[in-house]
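The following questions and answers examine selected side chains in a predicted model. Please consult the sequence and the structure shown here.

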Amino acid sequence: MNKYRLRTMEEDEKYLRQTSKDVEKNDSNLKEYIYVLKDYCDNNEVFAMASVQLGIPFKIIYLKNAELDNTGSSTNEELVLINPEIIEERGKTYYWESCECEKVLAKVYRPYYVKVRYLSQNFEEKITEFEGMYATVISHEYDHLFGIIHTDIADEITDYPFEDRKEFRKKYGYTVISKTCEYNHPIRGKYRLRTIATDEAYLRQVSKDVNPNDPDLEKEIKILSDFCAQNEVFAMAAVQIGIPKKIVYLKNTKLDMHDKTTNKGIILINPEIVEEKGETLYWESCASCLNNMGKVRRPYFVKVRYLDKDFNQKYDTFEGESATIFSHEYDHLFGILHIDIAEEILNMEQEERKKYREQDGNGYIIISKTKKYKHPLR
């Protein structure tokens with residue numbers, strides 16, 4: 001089998017999902033790698049490629065001297081980026097992207113502007129800025145270095161015939177939404193959902209106390225509340241989306257299958273449980289733990305001391321399902337996941353979980369409202 005060949009999602013998904021390695025300065029194969037990339041792009045009408053796509057799992061991106069599709073963007077020279085690192089990105093655009101590895105068309109949001117630090121072929125450090133369609137291209141290829149395919153972050157996907165794509169893109173072309181707004185990549189971005197599949201060590205950290213002078217606090221509270229609103233999540237600890245600070249958000253919404261509501265649309269900063277009692281049992285799930293549902297004992301009642309958004313000290317109490325939810329999120333601040341303290345764990349999709357909880361004996365159970373409660377880990 002040819003070592004240097006195009007890898008596709010159909011045949012080589014595991015290979016394409018790897019994180020590419022840094023290129024060492026003394027790598028004697030570097031010139032060969034670059035030649036392979038250039039040769040493929042020249043002979044296949046491809047204007048950019050990450051080396052992992054051709055069986056070279058190192059951090060190399062090749063940009064061809066060419067006009068980029070039918071967008072009017074072009075470059076005056078070929079460019080090789082070794083060990084690239086995006087150090088700044090902003091703005092928001094979308095484009096119907098395709099890829100040699102996965103040829104379906106996908107509508108993907110990308111930054112309008114990216115600044116990249118990289119090494120040249122002579123291993124000289126460079127910093128280059130890319131705008132518009134070129135920022136889209138760089139972002140697409142950069143994702144490949146982390147095993148991310150454009151369809152992973154697409155809003156829409158269509159198997160539009162290859163020969164008709166040019167006409168399709170004339171109708172639904174490259175669109176600039178903003179040139180200056182903040183951009184956060186949904187998978188490799190700073191503020192993204194962390195899961196045990198890819199970020200378990202991150203989720204296991206103990207969150208830090210929030211300082212009243214924290215310059216990012218207002219922005220991060222908005223990011224947290226927006227994430228919950230957009231994803232129909234009724235509670236979340238900040239660490240779950242890349243903010244390792246002691247912040248819990250409780251959304252003003254229906255809590256679960258009992259169709260009860262809470263008036264607690266609140267942010268709790270540096271929360272501390274000062275009292276907990278009673279005992280309940282519930283099959284919990286968690287956005288960070290994927291489909292792992294765990295049967296967990298929690299307190300029926302918790303009393304919490306915390307700071308509000310203006311850093312006023314508050315006390316609040318939670319009972320029943322609200323106590324379960326708060327206790328679950330509070331554990332996240334100490335790197336504890338519900339599966340760590342579960343008596344039993346099942347792997348189920350969301351719809352399966354809902355049906356399972358509706359079965360007799362699998363719903364929310366109150367064992368006691370007053371007995372002493374001791375958390376098994378904290």
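Q: Is F318 buried or exposed?
A: The relative accessible area of F318 is 3%. Residues under 20% count as buried. F318 is therefore classed, by its 3% and the cut-off of 20%, as buried.

Q: Which residue forms a stacked aromatic pair with F318, 5.3 Å centre to centre?
A: A pair of aromatic rings is described by the distance of the centres and the angle of the planes. For the partner of F318, the centres are 5.3 Å apart and the planes differ by 5 degrees. Planes under 30 degrees apart count as stacked. The partner, which is buried at 0% relative accessibility, is F326.

Q: Which residues form one aromatic cluster with F318 and F326?
A: The structure holds 13 aromatic pairs, and the stacked pair of F318 and F326 is one of them. Both residues belong to one aromatic cluster, together with Y330 and F334.

Q: Where do the buried residues R353, Y356 and R357 lie around helix α8?
A: Helix α8 spans residues 350–358. Around its axis, the three buried residues cover an arc of only 95 degrees, which puts them on the same side of α8. What covers them includes β13 (266–284), β14 (292–298) and β17 (344–347). The face turned away from this buried side carries the exposed residues E351, K355 and E358.

Q: Over the face of which residue does K107 lie?
A: Two basic residues may be considered here. R7 lies over the face of Y15, at 4.2 Å from the ring centre. K107 is placed 4.4 Å from the ring centre of the residue whose face it lies over, Y94.

Note on methods. Residues are numbered from 1 along each chain as its sequence is written. This is a predicted model: local features need pLDDT of at least 70, side-chain atom pairs count only at pLDDT 80 or more; totals for chains, interfaces and linings use all residues. Side-chain values use heavy atoms; hydrogens and water are left out. Buried means under 20% relative accessible area, exposed over 50%, partly exposed in between (1.4 Å probe, protein chains only). Helices (H or I, at least four residues) and strands (E, at least two) are DSSP runs, numbered from the N terminus. The arc is that of the directions from the helix axis to the C-beta atoms. Contact means heavy atoms within 4.5 Å. Rings of Phe, Tyr and Trp (its six-membered ring) pair if their centres lie within 6.5 Å; planes under 30 degrees apart count as stacked, over 60 as edge-to-face and the rest as tilted. A charge sits over a ring if NZ of Lys or CZ of Arg is within 6 Å of the ring centre and within 35 degrees of the ring normal.
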